[in-house]
Amino acid sequence: MGRGVKRRYRTEPTFGDRDPWENLATAIVMRAIRDYRAALRVLAREDQAVSVRQKNEAERARQTKEECEEFFRSREFTALSRVSGEDILEKLEEEADWL
């Protein structure tokens, strides 16, 4: 590497020696959590939406929220996680109170 060139390091957590399938399951659940949080952030400011673009974004956020809730309550989620989907939703809703 030449002078002045910085290396970029991963900022995402690594999962070490865990089973690759367990890593995939964790990544799927974490993605659903990120999507749900993002939807809640948009919906928290929905009443301020004035443009068509903002209203469309709020509608997409509402759909994402519903899809995530359906996923957290599904059999597929139960197969991917040892944690209850209802527990995760409860924690995320508590988090949303801080938005």
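**Exercise 1.** In this predicted model, find the salt bridge between Glu 69 and Lys 65 and state how far apart its closest N and O atoms are.

*Solution.*
Step 1. Glu 69 pairs with Lys 65 in a salt bridge whose closest N and O atoms are 2.8 Å apart. A salt bridge requires a side-chain nitrogen of Lys or Arg within 4 Å of a carboxyl oxygen of Asp or Glu.
Step 2. Place the two residues. Both belong to helix α2, and because they are four residues apart there, about one helical turn separates Glu 69 and Lys 65.
Step 3. Classify Glu 69. Its relative accessibility is 16%. Buried means under 20%, so Glu 69 counts as buried.
Step 4. Look for a network. Glu 46, Glu 59 and Arg 62 are joined into one network by salt bridges that share partners.

**Exercise 2.** Which helix holds the salt bridge of Arg 62 and Glu 59, and are these two side chains buried, partly exposed or exposed?

*Solution.*
Step 1. The side chains of Arg 62 and Glu 59 meet in a salt bridge, at 2.5 Å from N to O.
Step 2. The helix is α2; since Arg 62 and Glu 59 are three residues apart in it, the separation is about one helical turn.
Step 3. Arg 62 has 28% relative accessibility and therefore counts as partly exposed. Glu 59, at 38%, also counts as partly exposed.

**Exercise 3.** How many salt bridges does a search of the whole structure find, and which parts of the chain does the pair Glu 22 and Arg 82 link?

*Solution.*
Step 1. The search of the whole structure yields eight salt bridges.
Step 2. One of them joins Glu 22 to Arg 82, with the closest N and O atoms 4.0 Å apart.
Step 3. This pair links distant parts of the chain: Glu 22 sits in helix α1, while Arg 82 sits in the loop between α3 (75–80) and α4, 60 residues apart.
Step 4. Compare exposure. Glu 22 is partly exposed because its relative accessibility is 31%. Arg 82 reaches 79% and so counts as exposed.
Step 5. As a general point, side chains of opposite charge can pair when their charged atoms come close.

**Exercise 4.** Describe the secondary structure of the protein chain and say which helix gives the most to the largest nonpolar core.

*Solution.*
Step 1. The protein chain has four helices and zero strands. Along the sequence, the pattern reads α-α-α-α.
Step 2. Of its 99 residues, 25% count as buried.
Step 3. The largest nonpolar core contains 13 residues. Ile 33, Tyr 36, Phe 72, Phe 77, Ile 88 and Leu 92 have the most contacts inside this core.
Step 4. At least two core residues come from each of α1 (20–44), α2 (52–72) and α4.
Step 5. The helix that gives the most is α1, with five residues.

**Exercise 5.** Which residues form the nonpolar patch on the surface, and which helix gives the most to this patch?

*Solution.*
Step 1. The patch consists of Trp 21, Leu 24, Ile 28 and Leu 80, which together have about 400 Å² of accessible area.
Step 2. Helix α1 gives the most, with three residues.
Step 3. Leu 80 is located in helix α3. At 31% relative accessibility, Leu 80 is partly exposed. Residues of a patch need over 30% relative accessible area, a condition that Leu 80 meets with its 31%.

**Exercise 6.** Which residues make up the negative surface patch, and where does Glu 90 lie?

*Solution.*
Step 1. The negative surface patch is made by Asp 87, Glu 90, Glu 93, Glu 94 and Asp 97.
Step 2. Glu 90 lies in helix α4, which covers residues 85–96.
Step 3. The relative accessible area of Glu 90 is 47%, so this residue is partly exposed.

**Exercise 7.** Give the C-alpha separations of the pairs Ala 38 and Ala 61, and Glu 70 and Gly 85.

*Solution.*
Step 1. Ala 38 is in helix α1 and is partly exposed, with a relative accessible area of 32%. The C-alpha atoms of Ala 38 and Ala 61 are separated by 7.7 Å, the two residues being 23 residues apart along the chain.
Step 2. Glu 70 is in helix α2 and is exposed, with a relative accessible area of 61%. The C-alpha atoms of Glu 70 and Gly 85 are separated by 9.5 Å, with their positions 15 residues apart along the chain.

Note on methods. Residues are numbered from 1 along each chain as its sequence is written. This is a predicted model: local features need pLDDT of at least 70, side-chain atom pairs count only at pLDDT 80 or more; totals for chains, interfaces and linings use all residues. Side-chain values use heavy atoms; hydrogens and water are left out. Patches are made of residues with over 30% relative accessible area and no salt bridge: like charges are joined within 9 Å, nonpolar side chains (Val, Leu, Ile, Met, Phe, Trp, Tyr) within 5 Å. Accessible areas come from the Shrake-Rupley method with a 1.4 Å probe; for residues, only the protein chains shown count as cover. Lys and Arg count as positive and Asp and Glu as negative; His and the chain ends are not counted. The place of a charge is taken as NZ of Lys, CZ of Arg, CG of Asp or CD of Glu. Buried means under 20% relative accessible area, exposed over 50%, partly exposed in between (1.4 Å probe, protein chains only). A nonpolar core is a set of buried Ala, Val, Leu, Ile, Met, Phe, Trp, Tyr and Cys residues joined through side-chain atoms within 4.5 Å.
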